[in-house]
Amino acid sequence: QVQLVESGGGVVQAGGSLRLSCAASGRSFSSWSMGWFRQAPGKEREFVARITWSGGSTRYADSVKGRFTISRDNAKNTVYLEMNRLTPEDTAVYYCAASPRFSAYAAVEYDYWGQGTQVTVSS
C-alpha cells in the first residue's frame with residue numbers, strides 16, 4: 001500500500017511558477033515510477049509527466065514540455081513538479097500517482113493516487 005499526499009497548489013498569474021510536491025508513505029517508494037496527471041473542469045484526466053524509480057528517465061506531455069520539470073528525492077519519499085510559464089490552460093486539479101511499472105504512461109497503469117491539489121492560473 002502507498003499513500004500519496006500532494007501539496008503546493010494555489011492561485012498564480014499567467015507567466016508565474018508553482019512547485020508541487022507529493023509525499024509518499026508505505027511500501028518502497030524508490031521502487032515505484034511516479035507520475036503527475038491533471039484534470040480540468042469538464043475534461044478527462046490527462047497525463048502530465050512521469051519519472052522512473054531511479055529518476056533516470058522522464059517523459060512529458062507535449063503541452064508542458066519545456067515548461068514543467070518532474071523530479072524525485074527518494075531519500076525524502078517525495079516527487080516534485082516544477083511548473084513555469086503557467087497559462088490559464090494549465091488550470092486543473094493535479095494528481096500524483098505511483099506505478100510498479102518501469103515506464104508507466106496511461107492512467108490505468110498507476111495503482112495509487114493522491115487526492116489532488118488545485119492549480120488555478122489567472123489571466
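1. In this predicted model, a disulfide links Cys22 to Cys96, with an S to S distance of 1.9 Å. A search of the whole structure finds one disulfide. The link of Cys22 and Cys96 is right-handed, with 45° about the S-S bond. Because Cys22 belongs to strand S3 and Cys96 to strand S9, the pair ties together parts that lie 74 residues apart in sequence.

2. The accessibility of both cysteines should be recorded with the bond. Cys22 has 0% relative accessibility and therefore counts as buried, the cut-off being under 20%. Cys96 is likewise buried, at 0% relative accessibility.

3. Strand S3 also takes part in an open sheet of four strands, whose order is S1-S3-S8-S7 and whose pairing is antiparallel. Strand S1 (2-7) and strand S7 (68-73) occupy the edges; each has a single partner strand, so one side of each is left without a neighbour in the sheet. From one strand to the next, the twist averages 15°.

4. Within this sheet, S1 and strand S3 (residues 18-26) pair in the antiparallel sense over six bridges. Val2 has Gly26, in S3, as its bridge partner. As general background, strands of a sheet pair through backbone hydrogen bonds, either parallel or antiparallel.

5. The largest nonpolar core has 36 residues, of which Leu4, Met34, Trp36, Leu81, Met83 and Tyr94 touch the most other members. Two or more residues of this core come from each of S1, S3, S4, strand S5 (46-51), S7, strand S8 (78-83), strand S9 (92-99) and strand S11 (117-122). The most is given by S9, with five residues. In soluble globular proteins, nonpolar side chains tend to be buried together.

6. Leu81 merits a separate entry. Neighbours within four places in sequence aside, Leu81 is in contact with Leu18, Arg19, Leu20, Trp36, Val48, Ala49, Phe68, Thr69, Ile70 and Tyr94. Among these partners, Trp36 and Tyr94 are also listed with Leu81 as core residues that touch the most other members.

7. Where is Ser33 placed, and is Ser33 buried or exposed? Ser33 lies in strand S4 (residues 33-39). Its relative accessible area is 2%, so Ser33 is buried, the cut-off being under 20%. The side chain of Ser33 reaches the backbone oxygen of Arg101 at 2.8 Å. Apart from neighbours within four places in sequence, the residues in contact with Ser33 include Ile51, Thr52, Trp53, Arg72, Arg101, Phe102 and Tyr110. Arg101 thus appears both in the contact list of Ser33 and as the residue whose backbone oxygen the Ser33 side chain reaches.

Definitions and conventions:
Residues numbered from 1 in each chain as written. Predicted model: local features only at pLDDT ≥ 70, side-chain atom pairs only at ≥ 80, totals over all residues. Heavy atoms only, no water. Pairing = 2+ DSSP bridges. Axes fitted to C-alpha atoms, helices over the stretch in contact; angles between N-to-C directions. Buried < 20%, exposed > 50% of the residue type's maximum accessible area, 1.4 Å probe, protein only. Polar contact = N/O pair within 3.5 Å; in protein donor to acceptor, adjacent residues only side chain to side chain. Contact = heavy atoms within 4.5 Å. Core = buried A, V, L, I, M, F, W, Y, C linked by side-chain atoms within 4.5 Å. Disulfide = S-S within 2.5 Å.
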